[in-house]
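User: Let's walk through this one together. I'll throw questions at you, and you talk me through each answer.

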Amino acid sequence: MDVGVGAPVVSLAGVTKRYANGTLAVRGVDMAIGQGDFVSLLGPSGCGKSTVLRMMAGLIPPSAGRIEMASGGHATGDVGFVFQEPTLAPWSNALKNVMLPLRLAGVPKPEAEARAAAALASVGLAGFEKSYPRALSGGMKMRVSIARALVTKPRLLLMDEPFAALDEITRHKLNNDLLTLWEAERFTAIFVTHSVFESVYLSRRIVVMAARPGRVVEDLSVDAPYPRGEVFRTSAAYAAHCRDISAALSRAMGE
Ligand SMILES: Nc1ncnc2c1ncn2[C@@H]1O[C@H](COP(=O)(O)OP(=O)(O)OP(=O)(O)O)[C@@H](O)[C@H]1O
């Protein structure tokens, strides 16, 4: 499939973040993410991956530098966010959890229900609308969380280590399903991970970061076609990309 990348949806210029306690989380980050791309931010713990993502989401402001969104703001529906924890409301069923962003945006209930049901179906959870989070597995809860992030049809989907807590088989399945959704819905994906294997499997582009202070050290592309599947995961090309990205990560950790 054609995964050409368009004009930037988000760009950072000279972005620095110092937290109130004095920690310099990231310094001088320049990055532009093109429409339709799938980009991973990869780096050791503490290199500022989550900080960059939270600034892109508008959850925290930069201390210096500029962040520009193509839409000119963080309008509701333009950015979806998936955290490492599914962060579902335990007192609401799956459908109500997914409806929440629509209800907050003032979408009438019948329409919100229909759109939430469609979003649940798109992540393989048709039939689980009435299930409460406690009755769902970790992987299913993460699927609900992804449905909730996508129900508003955001242009940009930000994910902060969404699958880190899942077992490997579930993780592989969610990786595949995420790519299927990305190919179908054409949102721009920015994915934070510690995993070389996951970043290579998913991404067209991998931004490698180093710590103390957090900064971008390498920007690499994974030029393998989509759709990707088990054939790619077991290919020599995948292994070669993993070796290259591992080496880049080692350099980042050595710096
Ligand atoms: N709210 C905060 N207040 C103060 N310091 C913070 C805050 N959030 C993060 N930090 C610090 O900023 C630095 C970057 O943190 P961040 O969570 O962005 O890194 P990360 O690469 O996402 O790490 P991890 O992979 O462990 O999640 C770290 O030193 C962290 O301790």
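User: Which residue ranges make up the two domains?

Analyst: Keep in mind that this is a predicted model. The chain is split into two parts, and domain 1 is written as two stretches, 29–70 and 155–255. The other part, domain 2, is a single stretch, 89–153. So the split, which comes from an automatic or database domain assignment, reads: domain 1 at 29–70 + 155–255 and domain 2 at 89–153.

User: How many Å separate the centres of domain 1 and domain 2?

Analyst: The centres are taken over C-alpha atoms. The two domains do touch, with 10 residues from domain 1 and 8 residues from domain 2 in the contact. Centre to centre, the separation is 25 Å.

User: Which helix gives the most to the side of domain 1 that touches domain 2?

Analyst: By class, that side of domain 1 has 7 nonpolar, 1 polar and 2 charged residues. The top contributor is a helix spanning residues 168–185, which supplies 5 residues. That's helix α5.

User: What's the order of the strands in the open sheet?

Analyst: There are 3 strands here, and the pairing is antiparallel. Two of them, β2 (24–34) and β4 (64–69), are edge strands, each pairing on one side only. From one strand to the next the twist averages 15°. Reading across the sheet, the order is β2-β1-β4.

User: How many bridges do β1 and β2 pair over?

Analyst: These two strands form a hairpin with 5 residues between them, and Gly-22 in the turn has a positive phi of about 100°. For a sense of the register, Leu-12 sits opposite Met-31 in β2. The pairing is antiparallel, and the bridge count is 7.

User: And how many bridges join β1 to β4?

Analyst: On this side, Val-10 stands opposite Met-69 in β4. Strand β1 covers residues 8–18 and runs antiparallel to β4. The number of bridges joining them is 5.

User: Is Thr-16 buried or partly exposed?

Analyst: Thr-16 is in strand β1. Setting aside neighbours within four places in sequence, its contacts include Val-26, Arg-27, Pro-62 and Ser-63. Buried would take 20 or more other C-beta atoms within 10 Å. Thr-16 has 17 of them, so it counts as partly exposed.

User: How many Å separate the C-alpha atoms of Thr-16 and Thr-51?

Analyst: Thr-51 is one of the residues that come nearest to the ligand. Along the chain, Thr-16 and Thr-51 are 35 residues apart. In space, their C-alpha atoms are separated by 9.9 Å.

User: Which helix gives the most to the shell around the ligand?

Analyst: The ligand has 14 residues around it, with Tyr-19, Ala-25, Ser-45, Ser-50 and Thr-51 coming nearest. By class, the shell has 3 nonpolar, 10 polar and 1 charged residues. The biggest share comes from a helix at residues 49–56, with 3 residues, and that is helix α1.

User: Which helices are included in what covers the buried residues of α2?

Analyst: Helix α2 runs over residues 94–104, and its buried residues are Ala-94, Leu-95, Asn-97, Val-98, Met-99, Pro-101 and Leu-102. After α2 comes Gly-106, with a positive phi near 85°. The cover over those buried residues includes α3 (109–122) and α4 (138–150).

User: Is Glu-161 buried or partly exposed?

Analyst: Its backbone deserves a look, since most residues other than glycine have a negative phi. Glu-161 has a positive phi near 45°, and its place is in the loop between β6 (156–160) and α5. Because 20 C-beta neighbours lie inside 10 Å, Glu-161 counts as buried.

User: What about Thr-87, buried or partly exposed?

Analyst: Thr-87 also has a positive phi, about 45°, although it is not a glycine. It lies in the loop between β5 (79–82) and α2. With 13 other C-beta atoms within 10 Å, Thr-87 is partly exposed.

User: Where does Pro-213, joined to Arg-212, lie?

Analyst: The bond between Arg-212 and Pro-213 is a cis peptide, with omega about -10°. Tyr-226 to Pro-227 is cis too, with omega near -5°, and Pro-227 is in the loop between β9 and α7 (230–233). As for Pro-213, its place is the loop between β8 (205–210) and β9 (215–221).

Methods: Residues numbered from 1 in each chain as written. Predicted model: local features only at pLDDT ≥ 70, side-chain atom pairs only at ≥ 80, totals over all residues. Near = placed C-beta within 6 Å. Helix = DSSP H or I, 4+ residues; strand = E, 2+ residues; numbered from the N terminus. Nonpolar A, V, L, I, M, F, W, Y, C, P; charged D, E, K, R; others polar. Pairing = 2+ DSSP bridges. Axes fitted to C-alpha atoms, helices over the stretch in contact; angles between N-to-C directions. Buried ≥ 20, exposed ≤ 12 C-beta atoms within 10 Å, placed from the backbone. Contact = placed C-beta atoms within 7 Å.
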